[in-house]
Amino acid sequence: MELFDTATVLTRVLTSGVVMSIEKSDRELPGLERLLTKKTGRSKAVLLNSRTGAIHAALAGQGIGHGDSVALAEPDAETSAFLAWLGVQVTSYDGPAAYDHIALDPANADRLGELAAGATAPALVVDLTGLGFGPAAAVLTDDPRLWARAERLKIFGAYDLRTMWTQEEADAELVPGVQFNYRLSPLVAACVRMALTQAARPAATSGATQS
Amino acid sequence: MITDFPNSPLPLPNPADLDDELAALGGGEIIPKAMRRTLFPVITKEDVFNLMLAQRQAPEKVVADFAEAYRAYVGAGYALPTASGTSSLHMALVGAGVRPGDEVIVPAFTFIATAQAVVAAHAIPVFVDVDPVTYCMDPAAAAAAITERTRALMPVHVHGLPADVPALRALADRHGIALVEDASHAHSAKIGDRVAGSFGDAAGQSLMADKNFPLGGEGGIAFFAEEESYERAVSYLARHGIDYGMSWVAAAFGSSQLKRLPYYDEIRARNAALLGEALDGTGLFTPPHVPDGHVHAYNMYRITLRPEDVGLGDLPVYAVKEAVHELLVAEGVPAREWQNTPIPCHLPFRNRDGFGNGYPFSLNPGAVRDHRPEDFPVTLGMLDSTLVLCRELRSPVEYERILRYADAFRKVARRPDAIRKLVEDRDYVRPYEKAARLG
């Protein structure tokens with residue numbers, strides 16, 4: 001994204017006065033969620049402040065936790081270390097993967113839809129850090145239960161901030177365990193959203209090259 | 001453009017408003033509905049320019065410059081910028097030497113992140129009651145909870161008032177354990193000349209946009225007294241492949257806000273003093289206690305009720321509080337409970353699933369307790385008898401607003417008859433008997 005575009009986006013969000021992820025009037029985080037679900041064809045999105053937060057959410061969303069084993073395409077050393085920290089073992093590369101992983105940068109951001117189409121796991125981890133605004137990621141899924149569990153991991157509450165952190169449990173199977181603050185800043189979300197939108201824009205033709 | 005000047009400034013209070021009927025009973029409101037919204041954080045043109053300038057720099061430099069500027073302001077030895085307050089607390093614990101299965105003593109009254117950060121460090125939170133005057137960790141309760149597996153005390157400077165650091169420091173030293181501050185509410189809070197975040201072996205602090213010192217969205221910072229602790233935290237992140245990195249966008253906003261933090265501090269202190277003076281004159285309300293030598297940051301302002309001083313001593317204090325809450329909200333004062341149940345009684349610490357299958361609680365079953373609210377009588381007593389103002393002291397130039405809040409408290413305190421009638425008409429229950437709430 002051009003410096004001018006980033007400045008425009010940052011100015012727009014700052015002028016709105018809303019930079020807080022827990023602000024009811026925030027529009028940037030829901031906007032990025034909508035864009036990601038539209039581009040990937042998944043029905044639900046969880047936005048997070050890092051790739052590792054997204055991996056954690058993808059696994060916790062499926063009830064995979066300490067002492068459990070998963071199938072994954074061979075993870076890199078950093079991911080292996082993180083999975084070990086979670087207490088999750090990778091025992092098989094043959095079964096259905098627990099999550100698929102896509103890392104976006106300016107060179108491939110226009111191919112998100114195409115890359116997502118090839119993903120088959122229940123959760124799709126999209127690392128948005130390479131777009132240049134800081135650590136950022138998302139989990140995309142069609143599983144509402146996975147989404148609900150992942151949301152609980154990233155925010156302190158059985159539901160969400162719309163209920164002001166009420167911890168009363170309506171669904172006994174959606175039990176909160178450890179909880180992190182994996183929330184993404186609306187400012188970062190706005191920049192990521194603009195970068196993804198521009199990546200999808202068809203290349204403009206100039207008069208000089210038209211025949 | 002959002003500035004620190006409100007679009008619709010409140011008029012100065014009219015003394016005649018105090019003689020009006022209570023708003024809940026059909027009278028005029030001290031703060032009309034259309035003028036109740038407060039904006040936070042304050043975002044100025046300079047913030048916008050500073051963010052634009054920051055995007056022309058290397059992201060790593062923007063984050064490092066922010067961390068160094070704030071470290072110097074706090075006076076801590078070393079600083080590690082992170083993505084959130086929770087991650088900063090996690091790193092503070094790791095840096096202080098907390099290891100899997102260790103016990104960390106935390107207060108039963110705090111935000112849940114304090115205890116969840118202990119779990120994130122694969123350790124066990126051991127909950128103790130708070131002091132009845134400061135509402136921070138009670139050193140005597142902490143002393144009674146120390147075992148051979150205790151690795152750290154983790155007091156919270158709750159609402160912005162520094163905990164009893166001298167007593168807790170002495171206790172930690174006596175047992176050879178670490179003192180780790182949760183300074184998430186306590187930006188610029190002080191004991192003497194020292195700033196919260198620099199008292200302990202390590203500290204964590206939230207910098208999310210709702211705090212007195214806000215970043216552009218989410219953020220946190222861990223402080224360390226010794227280089228060895230800092231290095232331990234940094235190598236932990238690398239060894240475990242954890243990304244707790246702070247966004248340059250958030251950091252740039254923080255650098256810009258840091259320049260105005262002393263101004264914000266002065267305004268909050270002024271507002272707290274104005275409100276405190278008014279509350280002291282009501283009989284019913286008492287402002288927060290600030291021990292000598294302490295500077296309260298007033299991230300929140302917890303007001304204690306004394307029903308006995310206005311002839312309501314025969315009523316349950318929680319019922320008086322609920323009635324007063326209703327009456328204040330009707331006047332336009334956004335008073336809140338902010339917590340109604342001790343943290344150990346919230347689901348994550350009743351279920352203790354942790355990272356899954358009970359880890360890390362399974363590492364040290366001897367430290368695990370099935371708590372009931374009654375195990376923390378001081379916390380319960382505080383929840384029964386107090387109300388909180390959150391952002392309401394933080395709107396920097398709204399002098400008129402704080403005067404009107406003061407008038408609303410005066411107006412309600414004048415009407416014990418209305419409070420008594422509400423208590424008789426309603427079916428109030430104790431706070432912890434309702435669904436557990438954090439906010």
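I began with contacts in chain A of this predicted model: residues 24 or more positions apart account for 67% of the contacts with a separation of 6 or more.

I then went through the secondary structure of chain A and found seven helices and six strands. Along the sequence I noted the order α-α-β-α-β-α-β-β-α-β-β-α-α.

For burial, I looked up the share of buried residues in chain A, which is 55% of 211. The accessible surface of chain A is about 8800 Å², and carbon and sulfur atoms hold 52% of that.

Next I turned to the contact between the chains. I listed 54 residues from chain A and 60 residues from chain B in it. The area buried between the two chains is about 4600 Å², with 64% from carbon and sulfur atoms. On the side of chain B, I looked for the leading contributors: Gln55(B), Glu218(B) and Phe355(B) supply 13% of the area that chain B buries against chain A, more than any other three residues.

I searched for cavities of 30 Å³ or more and the structure holds three. The largest has a volume of about 90 Å³. I found residues of both chains in its lining, among them Asn49(A), Pro135(A) and Arg183(A) from chain A and Glu218(B), Gly245(B) and Met246(B) from chain B. I sorted that lining by class into six nonpolar, four polar and two charged residues. Glu218(B) thus appears twice in my notes, in this lining and among the three leading contributors to the area that chain B buries against chain A.

The second largest cavity has a volume of about 80 Å³. I read its lining as Val133(B), Thr134(B), Tyr135(B), Val158(B), His159(B), Leu161(B), Pro288(B), His289(B), His296(B) and Arg302(B). By class I have five nonpolar, four polar and one charged.

I checked the backbone of chain B for cis peptide bonds. The bond from Phe40(B) to Pro41(B) is cis, with omega near -5°, and Pro41(B) sits in the segment before α1 (45-54). Tyr359(B) and Pro360(B) are also joined by a cis peptide bond, with omega about 10°; I placed Pro360(B) in the loop between α11 (347-351) and α12 (377-385).

I also looked for positive phi outside glycine. Trp338(B) has phi near 40° and lies in the loop between α10 (317-331) and α11. I noted Trp338(B) as buried, because its relative accessibility is 4% and the cut-off for buried is under 20%. Asn357(B) has phi of about 55° and belongs to the loop between α11 and α12. I noted Asn357(B) as exposed, at 54% relative accessible area.

Terms used:
Residues are numbered from 1 along each chain as its sequence is written. Chains are lettered from A and ligands numbered from 1 in the order in which they are written. This is a predicted model: local features need pLDDT of at least 70, side-chain atom pairs count only at pLDDT 80 or more; totals for chains, interfaces and linings use all residues. Side-chain values use heavy atoms; hydrogens and water are left out. Helices (H or I, at least four residues) and strands (E, at least two) are DSSP runs, numbered from the N terminus. Buried means under 20% relative accessible area, exposed over 50%, partly exposed in between (1.4 Å probe, protein chains only). Contact means heavy atoms within 4.5 Å. Accessible areas come from the Shrake-Rupley method with a 1.4 Å probe; for residues, only the protein chains shown count as cover. On a 1 Å grid over the protein atoms alone, a cavity is a set of points where a 1.4 Å probe fits but cannot get out, and a pocket is an open set with protein on both sides within 12 Å along at least five of seven lines; lining residues have an atom within 4 Å of a point. Grid points are joined across faces, edges and corners, and a volume is the space filled by probe spheres set on the points. Ala, Val, Leu, Ile, Met, Phe, Trp, Tyr, Cys and Pro count as nonpolar, Asp, Glu, Lys and Arg as charged, and the others, Gly among them, as polar. Buried area is the accessible area (1.4 Å probe) that two parts lose on being put together, summed over both.
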